[in-house]
Amino acid sequence: MGTTIIRRPASFRLRADLLEGLKRNAARENRTLNNYVESVLLDIVYHEPNEETKEAIKEAMNRKEYPAEDVYDDVDKMFNDLGIEL
């Protein structure tokens with residue numbers, strides 16, 4: 001026997017570009033706008049990141065500035081350090 005989920009209508013004012021982006025994403029997944037937005041919101045509200053992700057978020061938020069070795073002012077040097085030949 002299934003559980004009945006009660007849904008209530010809601011109205012939101014969104015930026016026009018955000019609404020268009022949501023519509024494009026919903027269409028890309030062949031879903032209604034309502035279904036797409038509901039699933040995105042459910043994921044945000046109920047998704048609990050794992051411990052490794054929580055630590056990474058905490059580290060990123062506490063980082064005051066990037067160490068010099070993480071910052072590049074030369075794209076060629078960055079690609080070279082990454083082992084990518086142009």
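pLDDT is the predictor's confidence in each residue, on a scale from 0 to 100. The structure described here is a predicted model, and its protein chain has a mean pLDDT of 88. Of the residues in the chain, 91% reach 70 or more. Among the elements of the protein chain, the highest mean pLDDT, 96, belongs to helix α1 (residues 16-28). The lowest, 84, belongs to helix α4 (residues 75-81). Where pLDDT is low, the predicted coordinates should not be read in detail.

The secondary structure of the protein chain consists of four helices and zero strands. Along the sequence, the pattern is α-α-α-α. Helix α2 spans residues 33-46, and helix α3 spans residues 51-62.

The overall dimensions were examined next. The radius of gyration of the protein chain is 21 Å, whereas a compact globule of 86 residues would have a value near 12 Å. Taken along the principal axes, the box filled by the C-alpha atoms is roughly 60 × 30 × 30 Å. One pair of residues illustrates the distances within the chain: Y36 and E85 are 49 residues apart in sequence, and 41 Å lies between their C-alpha atoms.

The protein chain has an accessible surface of about 8700 Å². Carbon and sulfur atoms account for 54% of that surface. Of the 86 residues, 5% are buried. Y36, a residue of helix α2, has a relative accessibility of 10%. Y36 therefore counts as buried, because the cut-off for this class is under 20% relative accessible area.

The charged residues comprise 13 positive and 18 negative charges, and the mean positions of the two groups are 14 Å apart. The structure holds seven salt bridges, and three of these contacts are described below.

The salt bridge between E29 and R31 has an N to O distance of 2.6 Å between the side chains. With a relative accessible area of 43%, E29 is partly exposed. R31 is also partly exposed, at 28% relative accessibility.

A salt bridge also joins E51 and K54, whose closest N and O atoms are 3.5 Å apart. Both residues lie in helix α3, where they are three residues apart, about one turn of the helix. E51 has a relative accessible area of 55% and is therefore exposed, since the cut-off for that class is over 50%. K54, by contrast, is partly exposed, with a relative accessible area of 29%. The contact between E51 and K54 does not stand alone: E48, E51 and K54 are linked in a network of salt bridges.

In helix α4, the side chains of D81 and K77 meet in a salt bridge with an N to O distance of 3.1 Å. D81 and K77 are separated by about one helical turn, because they are four residues apart in helix α4. The relative accessibility of D81 is 42%, and D81 counts as partly exposed. K77 falls into the partly exposed class as well, at 46%. Helix α4, which holds this contact, is the element with the lowest mean pLDDT in the protein chain.

In summary, the predicted model shows a protein chain with four helices and zero strands. Its radius of gyration is 21 Å, buried residues make up 5% of the chain, and seven salt bridges are present in the structure.

How values were computed
Residues numbered from 1 in each chain as written. Predicted model: local features only at pLDDT ≥ 70, side-chain atom pairs only at ≥ 80, totals over all residues. Heavy atoms only, no water. Helix = DSSP H or I, 4+ residues; strand = E, 2+ residues; numbered from the N terminus. Rg over C-alpha atoms; globule rule 2.2 N^0.38 Å. Buried < 20%, exposed > 50% of the residue type's maximum accessible area, 1.4 Å probe, protein only. Areas by Shrake-Rupley, 256 points an atom, 1.4 Å probe, with all protein chains shown as cover. Lys, Arg positive; Asp, Glu negative; His and termini not counted. Charge placed at Lys NZ, Arg CZ, Asp CG, Glu CD. Salt bridge = Lys/Arg side-chain N within 4 Å of Asp/Glu carboxyl O.
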